[in-house]
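Reader: I am new to structures with more than one chain. Could you take me through one part closely, the place where the chains meet?

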Amino acid sequence: MALYDNKYWLLSHIRNSFISTDDTGMCELVMVNEAKEIRQYLGNVESYPEPDDSEDEEDEFESYDLQMDMDFGIRERSNTAAQLEKLDLARKKAAKMKHIKWETSKEQPDINELFIKKDISQAVKKPERKSMLSVLMQNFSHLPMNPYIGYSKFDGCEQVNIPTRRYKIFLTMLSQQQRNYPINICCVATAKIQDLIGLTLLKFSTNHGDSNVNLKSVSNYGLFICEEDGEVDRDFPCLDPKECVAKFGFVCLGLVEHKENLKSVSFPDESQHTISEERMNRIRTISEKSKAEENRQKSDLMAMDEHNKRMEAPLYQSFRVFMLNKVRPKVEVNIGISGERIEIDPIQQKGSKLLAFKQRAVSHYMDTIAWCEITDTKSNKATFKLVYNSNFGTNYNSVDIGGIWKFLSPSSSFPPALQSSTSFKHYDFECDISTAQDIVQKIKLILEVRSSSSRKEYVAAREGKHYNKRKNILSLK
Amino acid sequence: MTAGGENLENDQIILATGGYDHTIKLWQTHTGLCNRTMQHTESQVNALEITPDKQLLAAASYQHIYMYDLTSNNPNAIVNYEGTSKNVVAVGFEENGKWMYSGGEDCRARIWDLRSRSSQCPKIFEVQGPINCVCLHPNQTDLFVGDQNGIIYRWDLRTDNNEQLIPENDAMILDIAISPDCQLMTSVNNKGRCYIWGLTYDNDSSTVMEPRHKFEAHKRHALKCKFSPDSDLLITTSADQTAKIWSTADFSLWQELKQENQRWVWDAEFSADGQYVFTASSDGFAKLWNVKSGQLEREYSGHQKAVTALAFRDAP
């Protein structure tokens, strides 16, 4: 490694290291497709460029799938080195083993000593007695089974030839003293985050069954990125429980119990409270008291929910949806919505050859967003429309964060805005109904709070249209 | 799950499973937790057997029989019996642990002398087809061997004489079992049929086999047959995704052990009192069933691939 003097290779290695250790994906986004430019540039600078086909370089510089093995550190060794080590290990293992080889000897075994016929006339039925297994089963039948036992199949300890992941997991619900040390968990690489949580709880409950921690079901916990010393980094949301563990490169994780009353830190608005109270009173007159109580709780919860939604609306959240286009196939994108802006990032399709249909990554300031609504709902899918003002302060409108997407679609979504008047454009997206509702509601709530000029203009224009339409209808009559 | 007492008890009960994921697992039977995993890197596990003194676990695999130490925490094998050219498919022990028998696809059944590990005094028996199963008669001197040509051999270890039986043409013998009371012998074949012989013993106490019964146990391959320790029940496992327990009095169906998608059921073992039975199946689980009710009592999950072999030692 130290003797490596191939610039391309070194550069490519550095770039790959950046990309593979950056879990936010930004490096990849920025660096993608740069390789060829760099190569060209280096080729021009150098008066005697090295031949392209030097043997030990990879043809493809862009191996973004390069998997860093956390156990080994810097780089994968060559096949020969790995092979040698394997052989060495096998030899070491073999040295500890006793080997008995089959040999054909002429020597006849001592039959009378080795093969003694047993008198089977005494092979009578054994008296009925309970076996140890039955006794154990009886003794333990009243005890509940470990609820996490099903997760044991994700245990990666001592698996052979199966990719596994090792984690240090800090259990934050333990007492101060206990939580200083993480428990080491090894799971199979195909497990999901929720399986890892289950496995952690299983390991904890079997190894520390005596601690007085009340463990809840897996859905009550989340895994957060955390520091080596066990400090949970709460700036990031917890890892998506449905995602495969192999997607995340973090080794230290903190297991945190989701607090149902986490939201109760903020109290519902006065106004909402009074409304629900009034409604309650009405209900109480017609139904029993207990039912009223139940309903009251329900509506309280609803009010809380509503409030929380409002409070959380400006918090960043990302959704995965399909972007629709009349001429191009639909593209899967991530929509990231925060109080400030909406970002639309294409999700890189592995092995996709349709480079020409790659969607640019764009970002819109919230003030440019005018409207969002569901346009169509089918049995399991919904489409929604996001309207934005395409020339709201020309330059600062759409910030192209990708910047290096080479293959732009022929019909670019961003024609230079020539006319000075407001021009509204829209995106169409498709996703499942509940996600669509969430997104639309979130955006609407944000817009309500901000009440930007774009929105006002759009609403006014729309109403004007309505008005005109109505006028036309009236005049026809 | 308090430590101490139960652990001691549990040491006497050994449940080991192995299969295609190159690991062998030991289980705590009543909780369903895996105690220990041993690495069996070079091959799948074809058969497992525990030595009579409960010190070692033998795993029959490709070209080798590996022995694992049950008393330590060593994840690697400590003894390697080599010299066979193909898969070893069956392994077992003389009741005092003096010797071990094995059978393999190299058409040979072998006797390995275990008394002193340096001086070998092996014995070999060659048959015409690849061996599928080997079974030792409780008299400790008759070894029954079943091969892929459909022949059952009774090999008398004292005299080296052998006797052949062909229960059915064009069918492989997949397993042979002899009841602990020495009254019955059974074999199953790849057509799902089960054959029963009555065993009698002549003046010089050599074994005589008389065909007694034949029935369709399964629709597809029957893979294993085992008698309960009291000889009253017989379990057959099969590729038709079931294991069936039969009463040996009249060979009527006693219980069908079935679970959706459990795929092939490869191996089975009764508890010492015949109240419970373990099965190993391709869905990656070992399972414990209640014989009386047919209910699934425990699932042992942890294997990543099919579980094809299990060994169980109960304490009376």
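**Where chain B meets chain A**

Author: Start with the contacts: 75 residues of chain B touch 48 residues of chain A. Keep in mind that this is a predicted model.

Next comes area. The size of an interface is often given as the accessible area lost when the parts come together. Here chain B and chain A bury about 5800 Å² between them. Carbon and sulfur atoms account for 60% of that area.

Now look at charge. Side chains of opposite charge can pair when their charged atoms come close. Between chain B and chain A the count is one salt bridge. Its partners are B:E95 and A:K118. The distance from N to O is 3.0 Å. Polar contacts add to the picture: 18 residue pairs make them between the two chains, with both residues at pLDDT 80 or more.

Which strand of chain B gives the largest share of the side that touches chain A? It is strand β6 of chain B, residues 79-93, with five residues. By class, that side of chain B has 28 nonpolar residues, 26 polar ones and 21 charged ones.

Strand β6 of chain B also pairs across the interface. Its partner is strand β1 of chain A, residues 98-101. The two strands run parallel, and four bridges join them. Find A:K101 and look across: B:E82 in β6 of chain B stands opposite.

Now step back from the interface to chain A. Strand β12 of chain A is a good place to look, and it covers residues 424-432. This strand pairs with β11 of chain A in the antiparallel sense, over nine bridges. It also pairs with β6 of chain A, residues 317-324. That pairing is antiparallel too, with three bridges. A:D428 in β12 of chain A shows both pairings. A:K385 stands opposite A:D428. So does A:L324.

Rings come next. The whole structure has 18 aromatic pairs over all chains. One of them is A:Y388 with A:Y427, a stacked pair. Their centres are 4.9 Å apart, with 20° between the planes. The pair links distant parts of the chain: A:Y388 is in β11 of chain A, A:Y427 is in β12 of chain A, and 39 residues separate them.

Finish with the salt bridges of the whole structure. There are 19 over all chains. Among them is the one between A:K92 and A:D88, at 3.9 Å from N to O. Both residues lie in helix α4 of chain A, residues 79-96. They are four residues apart, about one turn of the helix.

Key: Residues are numbered from 1 along each chain as its sequence is written. Chains are lettered from A and ligands numbered from 1 in the order in which they are written. This is a predicted model: local features need pLDDT of at least 70, side-chain atom pairs count only at pLDDT 80 or more; totals for chains, interfaces and linings use all residues. Side-chain values use heavy atoms; hydrogens and water are left out. Contact means heavy atoms within 4.5 Å. Buried area is the accessible area (1.4 Å probe) that two parts lose on being put together, summed over both. A salt bridge is a side-chain nitrogen of Lys or Arg within 4 Å of a carboxyl oxygen of Asp or Glu. A polar contact is a pair of N or O atoms within 3.5 Å; within protein, one must be able to donate a hydrogen and the other to accept it, and residues adjacent in sequence count only if both atoms are side-chain atoms. Ala, Val, Leu, Ile, Met, Phe, Trp, Tyr, Cys and Pro count as nonpolar, Asp, Glu, Lys and Arg as charged, and the others, Gly among them, as polar. Two strands pair if DSSP finds at least two bridges between them. Rings of Phe, Tyr and Trp (its six-membered ring) pair if their centres lie within 6.5 Å; planes under 30 degrees apart count as stacked, over 60 as edge-to-face and the rest as tilted.
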